Each structure stands twice: as C-alpha cells, then as structure tokens.
Amino acid sequence: MDKQSFFDTQAADPIDRVGGKAKVTGTARYAADEKLQGMAYGFLVGSTVAKGRIKTIDTKEAERAPGVLAVITHMNAPKIPGYQTGKDPSKPPTAGQPLRIFYNSEIFYYDQPIALVVADTYERVLHAAKLVKAQYEKAAHQTNLETNTDKGKIPTGPRFEDYSRGEADAYKKAAVKIEQEYYHPIEVHNPMELGNTVAHWESKNKLVVYTKTQGVEATRRSIQDAFRLPAENITVHAEQIGGAFGMALRTWPYEIAAILGAQKVGRPLKLVLHREQMFTNVGHRPATMQKIGLGATADGKLTGITHEATANTSAYEEFTEATVNISQFLYACPNVNTRYRIVPLNVCTPIWMRGPGEATGSFALESALDELAFALNIDPIELRHRNHADTDPERNLPWSSKYLKECYQMGAEKIGWKARKLQPRSLQDGDWLVGYGMGSGAFGAFRWAATVKGRLQQDGTLLLQCSVNDMGPGTATMMTAVAVDVMGLPTSKVRVQTGSTGLPPGPTQGGSNVTATVGSAVHDVCMALKQEMAALASKEGSPFHTANVHSVKVEDLNFEDGVISLKKNPAIKISYSDLLQQNGLTVLEQTKESKGQQQQYSMYSFSVHFVKLRVHTATGRIKIDHVVSCADAGTIVSAKTAASQMIGGAVGGIGMALMEDMVIDHRFGRPINNNLADYHVPVNADIPEVDVLFVGKKDPFINPMGSKGLGEISLIGVAPAVANAVFNATGKRIRSLPITPDKLI
Ligand code: MOS
C-alpha cells in the first residue's frame, strides 16, 4: 500500500454495499430460487415427542396422495455410506456424532425429522406431509437447563478443561467481593432466509447442491464424508445468503435429507424449512447458567475472578463454545479460574450464534464488573481502567494492538457519560427513570488461509474470485475496497465472484475472520498484479521506456484510477488497459494463497458499548434512547459496511438483552413460541440512534491491511451494557435475560 490508505478511500466516498441493490430489489438469487428441470419438492415431517422411539410409522396414505413421488423414513431410507458404523450396526450410531437422519427409530428431540415426503409440487408435498402418521414409545425427556445443571460435565477434549492461574476461588478472601448467578435462555438465530437446499444429482456420482451455508468448502467436506464421493464430484453453491448469524456454520440433517431425496426420486429436489423448523432443527445459542465471583481490594484492584458456566448441548452430540474464556484475558488479575460444563438436553445440537461464547460470557462478567463498581462506589469505566490488561495475562504475550482505553473515552464522550450518576434512580424524566450503562467485548482476531485469483482484463476491469461466502456482512464490498485501494482502480472497475466451490478456496465465514483472511489474499494478488504491470511498463515501447526509464519499480509508480504514472513525472503515464493492449495481452492473472501467521502476539478485537435508556415507572417498559458502539478493529477497510455491521450487532445485543427467549413447554419438550410473532426480536421502533465509532488504528502484525475482525465484537458486550443501564435507571439488577417489563415492576 503506497497511500496511507483505506481511511482516505472511505471517508471521501464510501463504497456502497456490493450487491446491495440486487438484494433490495429482489434480483439476488438464493438457493431456493434455483428452478431446475423436473424439480421435485421435499418436506420434512418431525417427531411429536422429545425422546423415545418410533414404534410404527404409517406412510401409506401419504404415498397415495396426489403427486407424491416418495416418502423416506428410517424404514426405507437408502443407506448413507458415511453413516454406517462398520461391523456392528447395533452400536449406538449417534453417540457424540452429528444426527444421522433416518438412520434408526431413535428420537432425541422434538421435531427431529422422521420422514421426508417428496412430491411434484410444493402444495402437494405440504398436503401429503400431513398424512404421515407415527406412533412412539415415549421416554422421559429433559429440556430444562435450570433443573439439570447438576448433570453438567466437562466436554471431551483439552480446550475445555478447568482453567486456573494463581489461586483458585481467590475472590472469596477479598476485601470486597461479588458472587452472583446469571442466566440466559435459548436464543435462535432466525435469519430472514430460511434453511434451504436444492440438490441435483447430475449423474449417479456427480452432485450439485445449492444451499444456505457460511462455508461451501466445509459443506462439500460434510457431503463428501456422508456420501463418500470424491470432492471433485461435488459442487456447492451459496452465492447469496439472507443472513445466518452462525446457523449455517455446519451441514444440517435437512441438507443431507434433500440430497438423499433427490437420489431416491432421480430428480432435482428442493427443500425449504418452515419457520417453525428454524427453531428446532438448525441449532440455537444454548441456554447458559453462569456464576461469577469477583474479588477486589478496597481501591478496586481485582484480586480474583472465578467464572463458571453450564450450558446445554444435545442428547447426541457435544457442542462447546468459549463462554468463560473472556474472564481469562480481559482484565489484569493474578488469580483467575474458570469452569465450563455442558448438559445434554433433548434439543437439537446448538450452533455458534454471533459472538459465540463471549457474548454469553461477557453478559455475566460485565454485569458483575458493574456490580463490583457499585459496591466500591467507583465509576464503572474507572474500575476498568484500574484493571486494564496491558499485556495478555492469559498467554503472557504482548497484544498485537489494543485500543480499549480509546474506546472507553470516545464512547463516554459521545453518550454523555458525565451526566450519569453513580447512585441508581438519580435521573428522572417525567414517568421515566433514566440510566446509563456500558459493557466491553473482545474476540480473537483470526486470520486463516485463503486463495484469491485476480484477473485484470484488457478493458481495465479486475475480477476477484474466491469461494468464501457472504452471509451479509459485506465480503464482496470488503474485497472491492481492498482492491480499489491497493490496485488504484475505481470501484466500478472491480468485480467479485464468491460463494461456490470451484473458485479458489476461501475460508468459512465465521469467527470474524474473513476481512483479515480474504482481504490479505486480495492484497497479495493486487500487489502481484502491480509488479507484473511494472515489469510490462519497463519494456520497450511503453511510455516509460520511451522516456528513458528502463527499469521501473512499483515504488516509482503511482497506481491511480486505472492509470500508472511516474511519481517523478506524472505526465508520463499509461492506463492499465492500454498497457495490456500494447503488450498484446487480454488478461493478467495472479493467484495468491495467504496464510495465517505465527502468533508471537496475542490478537484480539475489542469493543465497548454504551447505552442510555429509560424505564417507565408504572409499566416497566424499557425504551433505549441511544447506543454508542466503539470498536478497536484495526484498520477499517470499508467504513460504511463496517458501521452497518456494528449497528446489526447492537440490534442483536438489544434483542438478547430485552426480548429473545425460546420458551420450551417442558412437559412436552417443545417450543411454544416457534414463530416470529411470538419470538420477539427488535424492530425499527425498538432501535434508537446507534452511533458507531472506530478507533481505526492499524494493527501492525495481523495482516497487510492491519484489520481485525468486527462481526462478533459488534454484539459482545451489548447485553450487559443494557442490563447495567437498567440497574443505573432503576436500582434493579436483572441477572436473568431477557429483561422483560414484568421483572421490573
Ligand atoms: Mo459466526 S457465530 O462466527 O457465524
């Protein structure tokens, strides 16, 4: 990067969302938009019990219904080679394994698919699906985390063993201590786009799948494992994704069912989940019970942190996330210990949901910090300053970059923190109590491997290709922004192609890695193209050569607006397009793999969220007045896209704090608010002004742009900021999410 870079590009003329217009005008194509010749429609029938066995399943009536092509159950399902357990088929196949759909009669959760009906039209398949009848041998199910926390066990694998540095449970001996429990219920991702798959066997062992996934490469590997096909025989497309928040981070049984159904009927098959099935069959953020112990000296130095969490997993598989890890590194504290447990429940396996682990963990930790600040009569920001970790206390490494203090400062200023009173119930506006709260977030700044191909064409356009997916944060926009900056091209001259296997392999979109990962590869490709252009510009016949410059280097040149000029004499110039033409080239092509680097530094993104809200004294209604979200995410590649990302996270965090709650009727083990009318998420009227502030300082170590991830920290820390503001307004500490009005009156 010769210019001092990304900031200039965005400040003056921010890049609009690439593909944004297609999305809002309805021309963007999602998996279920595929219309293939002879396509059949599938629908899944779910179990009506939460645990037990299918005693009998009667599919005759469904099979006789008009247009029905097949009804697949565990009785007649074609064998999925990857599901077989070898010599002993009686061995429980699902212990610790993903759910094997239609494998046997065992039921692990309510709405577990028991049949796939396939018909020639969508209406007919819905009709026929209602005619499948099953009888069950019921067993006693468990769906309530709160009554099962005693069954918590340490997950298998080294990453989740108890952690300890210094003395365990040291908080108990501290001069001032906080010991509290925090709870949040199951939350469901519920992106706008439903889970959907179109499966098409082009021949007996050649498969094309259009599906909702955050990683086409990962989906291909899962299909490979299940169907034992060579990778080159499987193509996976997910060019557009209508949101996911993590729910498309794995291949779900419904996708396997669609592929199986297509195989069985010998036609392409489309399967779209119903909204109800989005609550039961594609994961959730697990319910989590947390216990925090904080100990401090009278002047507010932390002397002990103990963080315990118990979360649900499914009855057939271990799901884990880094819930307690944030307590290991966020603050300087000599004595820290954490314990993480999971409890099998009769629900679908959870899956990471935006800010996985840390969002949950920070709710407890950052609420407890606020409680400690109150007990010490110290401003919560001041308390955090007193315990600022100058280096990573967990790994004993320097941070690659950390501007958390800057976040505290800029956010406090913007929200008007100095109007806040330490004493709750101090600010009133008519019938409303007014409060301020804040919460911090952090998430690992990851950089993985990606390969990007860049093709600079004779007309001066650059095509960038990578199989990486974009579930919504704006991957194509980010890639465009990097290319515009590094290559010196106008936005209109960059095209991006993503979301299919067959393109150069990119990472799964998850863990806020994509800008760092794919952006680096785009950077490297553009640098290589510039080298190539510089070499061409040195050749006989080029204006530089004519001007007696025989060996130009990239450093001697300006690359701007599709034109190369000599720094020393900008009148000597040539457009990229003319340069290719002069050399008789139709295209310049470079492919670069960029890899994650060795970690001599501890790399995290940081955020601080501030909330000003009001609580109605008579009704307990909470109205958020203002949110300020501040992020240290290194260089911001595309300010507009990044700000949108942050606003989305704030909305998610407000939902987590005030509304989201999948309510299970534990008598039957089934959700009772499995629709978007009863499962509340914030709507426009619930969301106030959200100000997004970036520190914007380059991380010198993570990648050539200096960018750290943003997707997770946008949400991590929002829920405690809301809960802390509720306390500041009302004096009521709500430790169980969501904070609904009934808890306040
Ligand atoms: Mo995210 S939970 O990394 O999709």
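Helices (H or I, at least four residues) and strands (E, at least two) are DSSP runs, numbered here from the N terminus. By that rule the chain holds 17 helices and 29 strands. The model is a predicted one, in which local features need pLDDT of at least 70 and side-chain atom pairs count only at pLDDT 80 or more, while totals for chains, interfaces and linings use all residues. Residues are numbered from 1 along each chain as its sequence is written, and side-chain values use heavy atoms, with hydrogens and water left out.

The overall form comes first. The C-alpha atoms fill a box of roughly 85 × 75 × 50 Å along the principal axes. A compact globule of 745 residues would have a radius of gyration near 27 Å, and the chain, with 28 Å, agrees; this radius is taken over C-alpha atoms, and the globule rule is 2.2 Å times the number of residues to the power 0.38. Of the 745 residues, 60% count as buried, where buried means under 20% relative accessible area, exposed over 50%, and partly exposed in between (1.4 Å probe, protein chains only). Contact means heavy atoms within 4.5 Å; among contacts between residues at least 6 apart in sequence, 80% join residues at least 24 apart.

One element to follow is an open sheet of 7 strands with mixed pairing, in the order β3-β5-β1-β12-β9-β10-β11. Two strands pair if DSSP finds at least two bridges between them. Since β3 (68-73) and β11 (234-237) stand at the edges, each with a single partner strand, one side of each is left without a neighbour in the sheet. Neighbouring strands are turned by 20° against each other on average, direction ignored. Within the sheet, β1 (residues 40-46) and β12 (residues 269-272) run parallel and are joined by 3 bridges, and Ala40 stands opposite Leu269 in β12.

Helix α5 (residues 216-227) lies across β9 (196-203), β10 (206-211) and β11, running at about 140° to β11. Helix α6 (residues 253-265) also packs on the sheet, touching β1, β3, β5 (113-119), β9, β10 and β12, and its direction makes about 35° with that of β9. Axes are lines fitted to C-alpha atoms, for helices over the stretch in contact, and angles run from 0 to 180 degrees between N-to-C directions.

The cysteines complete the account. The whole structure has 0 disulfides, a disulfide being a pair of cysteine sulfur atoms within 2.5 Å. Cys526 is buried at 0% relative accessibility, and its sulfur is too far for a bond because the closest cysteine sulfur, in Cys466, is 13 Å away. Cys630 is likewise buried, with a relative accessible area of 0%; its sulfur lies 5.7 Å from the closest cysteine sulfur, in Cys407, too far for a bond.
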